[in-house]
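Colleague: I'm new to this one, so please pick a single part and take me through it closely. Then use that part to help me find my way around the rest.

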Amino acid sequence: MHTHIETLKKDMIHHISAAKSAESLKEVEVKYFGKNGLFNGIMRQLKDLSDDEKRTIGKLANETKQVLEARVSERYLELEDALMANLAESEWMDVTVPGAQPIQGHRHVLTQFMDEVEAVFARMGFSVADGPEVEEEHYNFDQLNIPANHPARDMQDTFWVANLPRHVLRTQTSSVQIRHMETHQPPVRIITMGKTFRKDSDATHSPMFHQLEGLMVDTDISMAHLKAVITEVLQQIFEDDSIKTRFRISYFPFVEPGMEADCTCPICHGSGKLNNGVPCRLCKQTGWLEILGAGMVHPQVLKNAGYDPEQVTGFAFGMGLDRMAMIKHRINHLRLLFENDLRFIEQF
Ligand SMILES: [Zn+2]
């Protein structure tokens, strides 16, 4: 019995020291001191001993237990200390290390381009006007002299708003011209830029695209003003003083006469060939690009806005901002502008 207690003591001390955490030490405690633990086993055997033995063995068992309990308490403290020491080792941080740089976004190439265009016009005295994207038929078509039976109003081309009668997603930014003229007296010198919508979707068309629209109305405004402004603007936008423009007669209901304008190709500078003699693909070797629609504001449109066409004249023009940004930045595919592919966006 005496040896048995000594062995038990030796074993337990070994287990206490071997316990590497408070949890495993608790298990050791239960194994030895628990209700069905090894120590209680010894106590139960005492009753079979003689009175003398009960005294000596019982005393030894109690003393041993006290020693072991003290050792357990001590081990708890050791483990706690070790935990804290370990914490200092594993959780330390160097507060002088530079912080992680968050990924920083920037404005989209198209937004940047629109800002550049705005700055060019601002230097020429134009201000920016704005209008709604969901537009009344009245402003999108009627006031722009687009007849009720004009094919542009067709369901095929225009997004009509289902729950809002006589409203469309504006097919052009020209509606802003009317809104501006209704609330302002001449002289007018504005541009407007923004989203326009048509039922068109292929490699070179997107159902949503961006338009730039310009309007100048004053006394004695002529074609010469139109040509001068357009030429100067294109030269500044494409950062090329050699750019020339030419005008071809065309038809738009809200201008008379109406024109389409071409500019010399900013890539090959009108030669149709690149520096190394390779044919220019952008202008298909013609040296010219169709770049905008324009014209002198139709007298009826001026009247619709409350102006007197005998007193004032004006010009208007519109161009696709997406295509211009593509030309300027040598972007090959329209879709790249709208796909939100970071590999593309981060290049600008
Ligand atoms: Zn070219």
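Modeller: A strand, in the sense used here, is a DSSP run of at least two E residues, and strands are numbered from the N terminus. With that in hand, let me choose L215, which sits in strand β5, residues 208-218. Please keep in mind that what you see is a predicted model.

Is L215 buried or exposed? A residue is called buried when 20 or more other C-beta atoms lie within 10 Å of its own. L215 has 23 of them within 10 Å, so L215 counts as buried. Leaving aside residues up to four places away in sequence, L215 touches Q177, V188, I190, G314 and A316. You can place these partners on the model: Q177 is one of the buried residues of helix α7, V188 and I190 fall in β4 (188-197), and G314 and A316 fall in β9 (313-320).

Now look across to α7, which covers residues 174-183. The buried residues of α7 are S174, S175, V176, Q177, I178 and M181. M181 is 34 residues from L215 along the chain, yet the C-alpha atoms of the pair are separated by 9.7 Å. The elements that cover the buried residues of α7 include β5, the strand we began with. Also among them are β2 (134-136), α6 (137-140), β4, α9 (299-304) and β9.

Between α7 and β4 there is a loop, and P187 is found in it. The peptide bond from P186 to P187 is cis, with omega near 5°. There is a cis bond from E256 to P257 as well, with omega near -5°. P257, however, has its place in a strand, β7 (residues 255-264).

After β7 comes the loop that leads to β8, and K284 is found there. K284 has phi near 50°, a positive value in a residue other than glycine. With 12 C-beta neighbours inside 10 Å, K284 counts as exposed. You can set N340 beside K284: its phi is positive too, about 55°, although N340 is not a glycine. N340 is found in the loop between α10 (321-328) and α11 (342-345), and it is exposed, with 9 other C-beta atoms within 10 Å.

Let's turn from those exposed loop residues to the nonpolar interior. The largest nonpolar core has 58 residues, and A294, V297, F315, F317 and L321 have the most contacts inside it. Strand β8 (residues 288-297) gives this core its largest share, 6 residues. F317 is a good residue to click on: not counting residues up to four places away in sequence, it touches G214, L226, I230, L292, G293 and A294. Apart from this core lies another, of 7 residues, among them L25, V28, Y32 and F39.

That second core takes us to helix α2, residues 22-33. The 12 residues of α2 reach 16 Å from first C-alpha to last, close to the 16 Å expected at 1.5 Å a residue. L25, V28, E29 and Y32 are the buried residues of α2. Seen down the helix axis, these fall within an arc of 100°, so they line one face of α2. E23 and V30, on the other side, are exposed. The cover over the buried face includes α1 (2-18), α3 (38-46) and α4 (51-90).

Finally, step back to see where both places belong. The protein is divided into domain 1 (2-90) and domain 2 (109-345), so L215 belongs to the range of domain 2 and α2 to that of domain 1. The C-alpha centres of the two domains lie 91 Å apart. In total there are 11 helices and 9 strands. The radius of gyration is 43 Å, well over the 20 Å that the globule rule gives for 348 residues, so the protein is more spread out than a compact globule. Along its principal axes, the C-alpha trace spans about 135 × 55 × 35 Å. Of the 348 residues, 28% count as buried, and L215, our starting point, is buried. Among contacts with a separation of 6 or more, 64% come from residues 24 or more positions apart.

Methods
Residues are numbered from 1 along each chain as its sequence is written. This is a predicted model: local features need pLDDT of at least 70, side-chain atom pairs count only at pLDDT 80 or more; totals for chains, interfaces and linings use all residues. Helices (H or I, at least four residues) and strands (E, at least two) are DSSP runs, numbered from the N terminus. The expected span of a helix is 1.5 Å times one less than its number of residues. The arc is that of the directions from the helix axis to the C-beta atoms. Two residues are in contact if their C-beta atoms, placed from the backbone, lie within 7 Å. The radius of gyration is taken over C-alpha atoms; the globule rule is 2.2 Å times the number of residues to the power 0.38. A nonpolar core is a set of buried Ala, Val, Leu, Ile, Met, Phe, Trp, Tyr and Cys residues joined through C-beta atoms within 7 Å.
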